[in-house]
Amino acid sequence: MGTDATSAPAVTGLAVPPGTSVDPKLALALNVHASPGVYALLLGSGISIASGVKTGWGIVEDLVARVATAHDPDNPEAGAQAAADPEGWWAKNFTDPLGYSSLLEAVAPTPSARQAILDPYFVPEDGEEATDKAPTAAHRAIARMVKRGSFRVILTTNFDRLMERALEGVGLSPQVVSRPEQIDAIKPLPHSQITIIKLHGDYADLQQRNTVTELDTYPEAQQDLLNWVLDNYGLVACGWSADWDKALVRAVEGTRSRRYPLFWSTYGALGTEAKRLTAQHSAAVLQGMSADELFTDLERRLEALDRLSAPPISRDMAVAQLKKALPDPVKRIELNDLVMQTAFAVVSASTRERHPLTGPVFAESVQRYRADSDILLHLLANGVFHDDGTHDELWVRSLDRLARIRNSYTGSFNDVLEGLRHYPSLLATWTIGVAAVLARREELLATTMTRPTWTTLWGRTEQQPPAVYLNPYRVIPGDLAELVPPPPQQRYLYPQSRLLRQEVREPLRRVEPDDAAYEAACNRFEFLASMIAIDAAAEGRREPWAGEFLLGGNWGYEQGLAGAVQQEITPAWPLLQAGAFGGDPDRATKAYADLVQWKKQNHRGF
């Protein structure tokens, strides 16, 4: 049998005593993180409410109403009358006591008949939403925490299979115990990745326990297993009222030791029995939280503690982690945390101590900003190129976080160094834009040129889109000879363009190893960014992202870049579909014409 005391989980880690000033949510996270696998979950019907699956008694009430309707077909009120007092109606018409098992035996004596009757209560039917009768956010969060090793035992009074489905959704096959005769053959609980003990049985069995009489005692083998779990594991109870399950109440009440704190979550007020049990065990009570809120919050806190204790990951490890998480819906939160925490690290490093706003430090600060942004640029290059659009909002949120570096200022500053605080945003936007061109997802390019907006800090404040406030000539002005030394006896016409192409080349090398193809993508990005900038800027300040795309060999009116873009301006153009130029082809055509005119007037090599 799987309850050999020698297999009990070891007592390790910290225990934050309930009743202290520590927030119970924080105490729960700290204890579960410190002692993975030694807390069992006790899940009641409250965890499944959001799924729309009925409780066992709810199904009994519904089936009694259906039996009554068929029993007295001439009485249109028969079903409603029986549903109002199922036990009373049953006692008047049948000799056997009412219960889930006896009811099913009466209305569906064969396994196939039972399956046909029960499936509509647990399996979505045609016409129902995909979320109906499906695992809830709480089930899914628990499954992910099981996969990470936080929990290994789940006690549940529910007989639905939502928890099993959620675990299967993350690639786990749970050991399920729903009948007493299964217990002798189970793997010892600490040796099983996850065991679900269904105290009231499984919906397809005839050994369900739902009535007050059925819930008064458990079979001996099940009682022994339950007692062992309660003696050897901590307990996190959620969605269980303790009002009806007398055998389970006595088991919790009779627990001999509490090696770990008891955590009890309730959405509303505790009932009489729950108050007595929580007081007896000095439980930490988490009030006012739904099951979805409790377990998603716990998962978020555990992940934060992981990040605190984990050593910084290398660039290659970060990219490998991103590629693994990118196509997996289950890892959506992990991907979000990876990208946003990396962006936050860039923001955190942008202090006045590391990046002074006065003094002859321009070149040094440019190099430091690039070094601080290195891991993020690699994540954005690979993420945007390999994404199918599912995570576009994540890439935009990372830009929003970077833009906050320049949200305020204090003390004295040099205008150039103060404006340089947007350099990480410019590097990231350039990376996303070129990756979007390479991946043929230019609708994302349009988005990153229009969001997130930034509010100017002095004078008449105004909100500007990235196409305006990240214009390279605003962020990194000057000849930049110290940063991009030109060949002897030569100079770069567009040093900002040359610097950005060099700085972002290495992050994008994995997705485009061919240098010529990379340069062509940079040309197209600069061309499109310039059109959006000219359209978005106020009259009289319409400046393109002047760069190497303007050079004769790159421009090309008929067969080259300019001619291709001109032909693309139709209502179906992805940039228009994404909202650039207000979605108006006429505005896009005007922006194109204005860019051509600017080139004629300003580019020496025209």
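Let's start with some sorting: Ala, Val, Leu, Ile, Met, Phe, Trp, Tyr, Cys and Pro count as nonpolar, Asp, Glu, Lys and Arg count as charged, and the others, Gly among them, are polar. Keep that in mind as we look around this predicted model.

We'll begin with the enclosed spaces. There are 3 cavities of 30 Å³ or more, and the largest cavity holds about 60 Å³ of space. Who lines that largest cavity? The residues around it are Leu43, Ile47, Ser48, His139, Thr156, Asn158, Asp160, Met163, Glu164, Ile196 and Lys198. Sort them with the scheme above and you get 4 nonpolar, 4 polar and 3 charged. Two elements, helix H8 (162-169) and strand S4 (195-198), each give at least two residues to this lining.

Next up is helix H14, which runs over residues 332-349. How far apart should its ends be? Its 18 residues, at 1.5 Å a residue, should span 26 Å, and the end C-alpha atoms are indeed 26 Å apart, so the two values agree. Several residues of H14 are buried: Leu335, Asp337, Leu338, Val339, Met340, Thr342, Ala343 and Val346. When you look at that list, it helps to know that an α-helix has 3.6 residues a turn, so residues three or four places apart point the same way.

Finally, hop over to Ala439, which sits in the loop between helix H19 (423-438) and helix H20 (442-450). Leaving aside residues up to four places away in sequence, Ala439 touches Val384 and Phe385. Glu512 is 73 residues from Ala439 along the chain, yet their C-alpha atoms are separated by 9.8 Å.

Key:
Residues are numbered from 1 along each chain as its sequence is written. This is a predicted model: local features need pLDDT of at least 70, side-chain atom pairs count only at pLDDT 80 or more; totals for chains, interfaces and linings use all residues. Side-chain values use heavy atoms; hydrogens and water are left out. Helices (H or I, at least four residues) and strands (E, at least two) are DSSP runs, numbered from the N terminus. Contact means heavy atoms within 4.5 Å. On a 1 Å grid over the protein atoms alone, a cavity is a set of points where a 1.4 Å probe fits but cannot get out, and a pocket is an open set with protein on both sides within 12 Å along at least five of seven lines; lining residues have an atom within 4 Å of a point. Grid points are joined across faces, edges and corners, and a volume is the space filled by probe spheres set on the points. The expected span of a helix is 1.5 Å times one less than its number of residues. Buried means under 20% relative accessible area, exposed over 50%, partly exposed in between (1.4 Å probe, protein chains only).
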